[in-house]
Amino acid sequence: MGGIRQSEFSIVEYNVFQLLKDPVGSTRSFEVIDEIATDDGTVYRVTGRAELLRTDRGILVRARFNTIARCICSRCLIPLSCHIPIGFEEEFFPTINVMDGSKLELPEEPDYFKIDTKHILNLTEAIREYLVINMPMKPLCREDCVGLCPVCGQNLNEGSCLCKKKPVDSRLAPLLSLSLKNSRKRS
């Protein structure tokens, strides 16, 4: 049976030798608690569960993880914590036949994950990829965040500023009136 090996490099690995010898449909489940470093050096504590399912070609990994990331509100620039769910199903393909040690032909599919020659299935890169994909593009501290004053930089969530507002460019006036009509309809 596989086990988790953690090292200073924050690697989530499973020895799947026995699972590859088991019949198609065999499963193993693991709780994962580890720290994963992304390419920029940021470290995230990842927790969750991974289920490994023997397929006719390799091992299907069904993973559901969670982490908390330090984000910055895209409107007011206040630091905040963002909950990031990470879920994926990926098939990992063996490179060596467990029965006779012969080299296996790998799929022609692009961007597949491999099980190394020692039958180690490494989830680290898959977790990193899905973590980056699931990072919020424009995190908000709250849905109704009004952001910063474009003139003085005052956080308008904390109060209004004393800036004199510039008149609207006359070329944009039709868009402003359209925006005001839409906001009144929602009220």
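In this predicted model, the side chain of T95 reaches the backbone oxygen of I115 at 3.0 Å. T95 sits in the loop that links β5 and β6. The residue has a relative accessible area of 13%. T95 therefore counts as buried, the cut-off being under 20%. Neighbours within four places in sequence aside, T95 contacts S102, K103, L104 and L106. K114, I115, D116 and T117 are also in contact with T95.

The chain as a whole contains 3 helices and 7 strands. Their order along the sequence is β-α-β-β-β-β-β-β-α-α. Of the 187 residues, 36% are buried. The accessible surface of the chain is about 12300 Å². Carbon and sulfur atoms account for 53% of that surface. Contacts between residues at least 6 apart in sequence were also examined. Of these, 48% join residues at least 24 apart.

The largest nonpolar core comprises 36 residues. Y14, L52, F65, F88, L121 and L123 touch the most other members. Several elements give two or more residues to this core. The helices among them are α1 (17-21) and α2 (124-134). The strands are β2 (27-37), β3 (43-54), β4 (59-72), β5 (79-94) and β6 (113-115).

L52 illustrates the packing around one such core residue. With residues up to four places away in sequence not counted, L52 touches Y14, V16 and L19. S26, T27, R28 and F30 are also touched by L52. Further contacts of L52 are with I59, L60, V61 and L121. Two of these partners, Y14 and L121, are themselves listed with L52 among the core residues that touch the most other members.

How values were computed
Residues numbered from 1 in each chain as written. Predicted model: local features only at pLDDT ≥ 70, side-chain atom pairs only at ≥ 80, totals over all residues. Heavy atoms only, no water. Core = buried A, V, L, I, M, F, W, Y, C linked by side-chain atoms within 4.5 Å. Buried < 20%, exposed > 50% of the residue type's maximum accessible area, 1.4 Å probe, protein only. Helix = DSSP H or I, 4+ residues; strand = E, 2+ residues; numbered from the N terminus. Contact = heavy atoms within 4.5 Å. Polar contact = N/O pair within 3.5 Å; in protein donor to acceptor, adjacent residues only side chain to side chain. Areas by Shrake-Rupley, 256 points an atom, 1.4 Å probe, with all protein chains shown as cover.
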